Structure formats: C-alpha cells, structure tokens
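Work through the exercises below with the sequence and the model at hand. Each task is followed by a solution in steps.

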Amino acid sequence: MRTIHTSTKNQRISTQELLTSIREAVEQGECDFVIEAQGQHDIPGPLWNSQGKALHITVRNPGQRVGAMMLPGTNVLVEGSAPADVGWLNAGGTLIVKGDVGDTAGHCAASGTIYIGGRAGARSGSLMKHDPLYKAPELWILKHTGSFSFEFFSGGYAVVCGCDCEQGSVLGDRPCVGMVGGVVYVRGSVGDIPQDLALLPLDHNDQAFLNEGLDRFLRAVDEKHRAPLLKDWEVWHKIVPAPKQELVRPSVAQYRKASWIPGGLFADIVADSGIHAPILGTGLHRLRIPVWENESNTCLDCHKCALTCPRNAIERTQDTTLTYTADPATCIGCGLCQAVCPNHIWRLTDAPPLVEHLPGEKGRCVMDNR
Ligand code: SF4
Ligand code: SF4
C-alpha cells in the first residue's frame, strides 16, 4: 500500500503533481493507496491497471471532483465529507463518501456506482445517462438532495433514502426537470414534479432492486442498522417519465383540415358572421348620419339639398309643416346635403360603434330609423 502525503517541507503539492505521482505508482504496479490530500482536485482521475487489477484508493480531505472520470476497477473511499462534483462523469468506478457532499454529485455519470452516506447538494444526479453497452450508473444518497436535482436525468438509477428528513421534500424544489429516462427512487415526501413525469408506487422488480442494493449501500457507508427502517416499501415511490399517449398520425388532408387551418385551406382565419357590408353603406352600415336641425326656422325651403343628394334620399313633407328628412334606406352619409345647404341646417353625426343590434347580424347602428 502506498501512502501519499501532499505536502513536503510544509509546501502543498499541486493537483497535477499529485495525480502524476498516483498515475506513475499505478504504472509501477501499485494498487492500494491512502492519500492524505489537502483539497487537491480530481483525485484519482482516470486510472487503470495494465493487468486488470482493481485499484483501491482511500482519500482524506479531497477537493472538488473526487472520483471524477473513474474507470471500471477503480474504487475510491472518502472517509469524511467532500465538496462539489463527486463522481463527476463516472465511467465505471465505485465511489463511497461516508459524509455529506456538495452540489452536483454524480453529475453526468454514465456508469459505475456512487454511494453518499449523508446529504447531497443542489443539482445532484443531473444529466446522468445510460449507454446500454455498459452497466447503468447508480447514485445512492442516504439523506436528501438540494433543489434542481436530477435535472435532465436520462438513464440509470438514483436512490434517495430520505433519512433524517422528516419535513419538506427530500428532493428540494423543482426536482427532475427535463427528466426523460431512468428511475429516481425516493423515500418520503416529494414536492411538485413536472407534469410529464409520474410518481408511482414500487412494483416487485423495484422492491427486489432496492432490497439487494440497500444492503450493499448501507454496508458501504456503515449504516446497516437503518435497513429495517428503509425496507418499508410503503413509503417509497419512484419517479419515471410518464407513459406517452400513442400518437395517431392523421393523413395530410386530415391535418390540413383539422389542425393546420381548421376548416381547410380556404376557411376563414377568424370567425366571420358571413354578413358583408355593401360598398356604399346605407342604413345601419353608414359611417355618418345626416340630421336636419331647423330649430331656428332658418331653412329657406330652397330644395338645394334634395336636388344635390346623389341618392335622392331627401324628401320634403307634403303638408304645411316644413320638414326635410333623409331616408336611411338610401342615404349613404356622403355629406353633400350639409355642404350645399346655405344655412347649415344639415349636420353630419358620427354613427355609433359596431354593436350587436339585430339577431345574427352585425352593423353600425342601434337605432331602427337609421
Ligand atoms: S348625406 Fe348624402 S346621401 Fe345622405 S341625404 Fe345627405 S346628400 Fe343624400
Ligand atoms: S338646402 Fe338647407 S335651406 Fe335649402 S331646403 Fe335644404 S335644408 Fe333647407
């Protein structure tokens, strides 16, 4: 066994120097290490023994990304806690952290196993994936995770045991956003999960997986006494992508008629009553309405207005009273009567806004005599 101290003459060696010394020792046939680290990163890095022997590496006081990019046959044990990115891009090794870990534990792991004997920080398990040519990655966490965990989780297994977390979601807020594959097993309460995921009770296969795996996990993190509590399957659930509705593919013609443009290519883009106003709007469709106002009795009875009206809409009463009226059925609101009247008897008023005024018909006017 090789013990590596990471300081010489009170000088801390760099991450690069440490990783180089580990790799050189492996090339010389060393398989067992104890590394007394001082926050160096990426311990031990991607290693392999040319004779296929397993590597066992105990690390104390690691920096970020301990257990990153491990290859099959590499076994890393962290005696206490570890900062962020433990097991980052794990490609087949086994990492045991007996304490808590920082954010993004197991981030992008593609194979191998990660055991966390405490809590894991935010975004843990995000982007884990499974290439079917290799063994699926596993991430086991004894307590709970921070928020945004298992984002874009697409393959493998995550197990969150929820120990010492009797209140609140054991997955924090907004877990599993963008999850498209794999399984997240969770014991205890879970907050809201995206609608395209399903929170389901365990079936027999799930229970068999957890029953065997929990023994391995609890033994690794020295928590075997918790087994009876954790094997109450009633309080476990699994989160998986919800089954997709089978897609019924319509024909192109059906799609054009029902989905692309409802009613077909030449259908109305917006709802249309089907009533068309004439080019020269009369009656209800006029924009302006002439009103004969002779309160001051200044009408000259000259007939200019009636003679000028292009629609012959103006009539004079035939009795002794002097009154001119414009027939709404023929008047188009052009305003010539107002223009030619020498005494400004005619006044053009704006039509009211479009309103529903008759059943099934839209127009401009609410008054029957317009
Ligand atoms: S507004 Fe035009 S159409 Fe209407 S009564 Fe006057 S002149 Fe005739
Ligand atoms: S043009 Fe004017 S003054 Fe002449 S009849 Fe018409 S409203 Fe009366």
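**Exercise 1: the sheet**

Leu199 stands opposite Ile239 in S13. The model is predicted, so local features need pLDDT of at least 70, side-chain atom pairs count only at pLDDT 80 or more, and totals for chains, interfaces and linings use all residues. Residues are numbered from 1 along each chain as its sequence is written, while chains are lettered from A and ligands numbered from 1 in the order in which they are written.

Task: state how S12 and S13 pair, then place them in their sheet.

Solution. Strands (E, at least two residues) and helices (H or I, at least four) are DSSP runs, numbered from the N terminus. Two strands pair if DSSP finds at least two bridges between them. S12 and S13 (residues 236-241) are joined by four bridges in the antiparallel sense. Their sheet is open, holds 11 strands with mixed pairing, and has the order S1-S4-S5-S6-S7-S8-S9-S10-S11-S13-S12. S1 and S12 (197-200) are its edge strands, each pairing on one side only. From one strand to the next, the twist averages 15°; axes here are lines fitted to C-alpha atoms, for helices over the stretch in contact, and angles run from 0 to 180 degrees between N-to-C directions.

**Exercise 2: helix H1**

Task: find which residues of H1 are buried and what covers them.

Solution. A residue is buried if 20 or more other C-beta atoms, placed from the backbone, lie within 10 Å of its own, exposed if 12 or fewer, and partly exposed in between. The buried residues of H1 are Leu18, Ile22 and Val26. Seen down the axis of H1, they fall within an arc of 70° (taken from the directions from the helix axis to the C-beta atoms), so they line one face of the helix. Gln16, Glu24 and Glu27, on the other side, are exposed. The cover of the buried residues includes S1 (2-5), S4 (32-36) and S5 (55-60), where contact means C-beta atoms within 7 Å. H1 lies across these three strands and runs at about 165° to S1. Just after H1, Gly29 has a positive phi of about 105°.

**Exercise 3: the whole protein**

Task: compare the radius of gyration of the protein with the globule rule.

Solution. The protein has six helices and 19 strands. The rule is 2.2 Å times the number of residues to the power 0.38, and the radius is taken over C-alpha atoms. For 370 residues the rule gives 21 Å; the radius is 41 Å, well over that, so the protein is more spread out than a compact globule. The C-alpha trace spans about 130 × 55 × 45 Å along its principal axes.

Methods. Contact = placed C-beta atoms within 7 Å.
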